[in-house]
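Biologist: I'm new to this one, so could you take me through a single part of it up close? I'd like to hear about the long-range contacts and charged pairs around one helix.

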Amino acid sequence: MLRRSVAVAIQCNARIGCSGTPVITQQRNMGLFDNVNDILNQVGGTEKVKALMSKEYKGEAEGGLFSCVVKGDESITNVKVDPALLKLGNTAVERAIKEGVNDALKKKQMAMFSDFFASQN
């Protein structure tokens, strides 16, 4: 696996009179990038991650009076509010929005977890 590294210290080589050419004296692995690469490899690569991010998940509340669609990247792509919901008042509308969005996000999370664990087998 390709490991990314970063120069921790760059110094001028004083023994040869500091010619102006920097010398890398120490390197270490960048743990964050290594972890991201490991995760990408575990789930099937970047194409699989792109596919997961483009999937859509529908959430509903108040018996279908409110619905929304959330993509894998958590962007909301569609919202529908039935006029009957508006007649129930602001509190009902606010609760329906919260419950509907949370429903879509939970469905997304469960689908991604099941896809991730399915790729582990």
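Modeller: Sure, here is a walk around helix α4, starting with the core and moving on to the salt bridges. Keep in mind that this is a predicted model.

Let's begin with the nonpolar side. The largest nonpolar core has eight residues: A61, F66, C68, V70, L85, V93, A96 and A104. Both β4 (66-71) and α4 (90-120) put at least two residues into this core. That fits a broader pattern: in soluble globular proteins, nonpolar side chains tend to be buried together. If you zoom in on V70 and skip its neighbours within four places in sequence, you'll find contacts with A104 and L105, as well as K55, E56, Y57, S75 and I76.

Now for the charges. The structure holds four salt bridges, and three of them are worth a stop here. R95 pairs with E62 at 3.4 Å, N to O. This pair ties together distant parts of the chain, since R95 sits in helix α4 and E62 in the loop between β3 (56-61) and β4, 33 residues apart. R95 is partly exposed at 36% relative accessibility, and E62 is partly exposed too, at 26%.

Next comes E74 with K108, whose closest N and O atoms are 3.2 Å apart. Here E74 is in the loop between β4 and β5 (76-81), while K108 belongs to helix α4, 34 residues away. E74 is partly exposed at 47%, but K108 counts as buried, because its relative accessibility is 6% and the cut-off for buried is under 20%.

Lastly, K107 and D103 form a salt bridge at 3.4 Å between the closest N and O atoms. They are four residues apart in helix α4, so about one helical turn separates them.

How values were computed:
Residues are numbered from 1 along each chain as its sequence is written. This is a predicted model: local features need pLDDT of at least 70, side-chain atom pairs count only at pLDDT 80 or more; totals for chains, interfaces and linings use all residues. Side-chain values use heavy atoms; hydrogens and water are left out. A nonpolar core is a set of buried Ala, Val, Leu, Ile, Met, Phe, Trp, Tyr and Cys residues joined through side-chain atoms within 4.5 Å. Buried means under 20% relative accessible area, exposed over 50%, partly exposed in between (1.4 Å probe, protein chains only). Contact means heavy atoms within 4.5 Å. A salt bridge is a side-chain nitrogen of Lys or Arg within 4 Å of a carboxyl oxygen of Asp or Glu.
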